[in-house]
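Here are some short notes for a first look at this structure. Please keep the view open while reading.

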Amino acid sequence: NPSNYQDFEGSKASYDYQIFDKLSIGTEYEAYHNNVSGDETLLTTDHQVLSTRTTLMLPYSSSLNLSWSKDKTDTRELGTSDMNNIYRLDLSYPFQTGSLLLTYQRFQTDYSNATSNRNSDTFGINVFKFFQNKSYLSLHQDMTETKDENVTGKEKNYNHRHAMELEQLWQLTLGEMEIQISRANFATWLKSSRLMDKNDGVFL
């Protein structure tokens, strides 16, 4: 929406280092703020972001990625601030006509002017099936668990959305995947999976 568009300005510095062929690390610092024009009707938010990342190449062209970022956010007009810590792990495994991506992310928010902080854990699985005409199918499923520190209960969200008209197409895809990857991986990650949605020609 053009009426909500805002400019941002800031600076960023990054550094990457290849320790050896299969291991690399990197770090990045970024500082920026919105409302460059100084519009008095808008809140101005300052961000300071520090992040690190590590990539390890594993056998069979698979890879493990570990990352951490800290985002300190200050809202000038309100005098409020919060700190977000994001920890993420990605494990990717390619097979002959596609790839499998497993993810875990922990999102921690510390509110300086609030009585509670929030922790959110997300587990995800992504499967990509590539075809010779450069099209592909993508299946994504995740589970998110959120907890506030001053609340004893936990809130769980599952993205179980299914489209019956897509089920037959996904079963055909599963049949081809079953002969491309090991029986154990197929039974663990794919056998009970379902196609959830279609958006702009991409299947999820």
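How many bridges join β3 to strand β4, and in which sense do these strands run? The points below start there. Bear in mind that this is a predicted model.

1. **The β3 and β4 pair.** Strand β4 covers residues 63–75. It is joined to β3 by 13 bridges, and the two run antiparallel. Find Thr52 to check the register: Trp68 in β4 stands opposite.

2. **The turn between them.** The hairpin of β3 and β4 has 5 residues between the strands. Look at Tyr60 there. Its phi is positive, near 60°.

3. **The other partner of β3.** Strand β2 (residues 23–33) also pairs with β3 (residues 45–57). The sense is antiparallel again, over 11 bridges. For one marker, take Glu30, whose bridge partner in β3 is Val49.

4. **A nonpolar patch.** Tyr15, Tyr17, Ile19, Phe20 and Ile25 make a nonpolar surface patch of about 500 Å². Strand β1 (residues 9–20) gives the most to this patch, with 4 residues. Ile19 has its place in β1. With a relative accessible area of 40%, Ile19 counts as partly exposed, because that value falls between the 20% and 50% cut-offs.

5. **Asn85, a buried residue.** Asn85 sits in strand β5 (residues 80–95). Its relative accessible area is 7%, which is under 20%, so Asn85 is buried. The side chains of Asn85 and Lys70 share a polar contact of 3.2 Å. Leaving out residues up to four places away in sequence, Asn85 touches Trp68, Ser69, Lys70, Arg106, Phe107, Gln108 and Asp110. Trp68 thus links back to point 1, where this residue stands opposite Thr52.

Technical notes:
Residues numbered from 1 in each chain as written. Predicted model: local features only at pLDDT ≥ 70, side-chain atom pairs only at ≥ 80, totals over all residues. Heavy atoms only, no water. Pairing = 2+ DSSP bridges. Patch = residues over 30% accessible without salt bridge, like charges linked within 9 Å, V, L, I, M, F, W, Y side chains within 5 Å. Areas by Shrake-Rupley, 256 points an atom, 1.4 Å probe, with all protein chains shown as cover. Salt bridge = Lys/Arg side-chain N within 4 Å of Asp/Glu carboxyl O. Buried < 20%, exposed > 50% of the residue type's maximum accessible area, 1.4 Å probe, protein only. Polar contact = N/O pair within 3.5 Å; in protein donor to acceptor, adjacent residues only side chain to side chain. Contact = heavy atoms within 4.5 Å.
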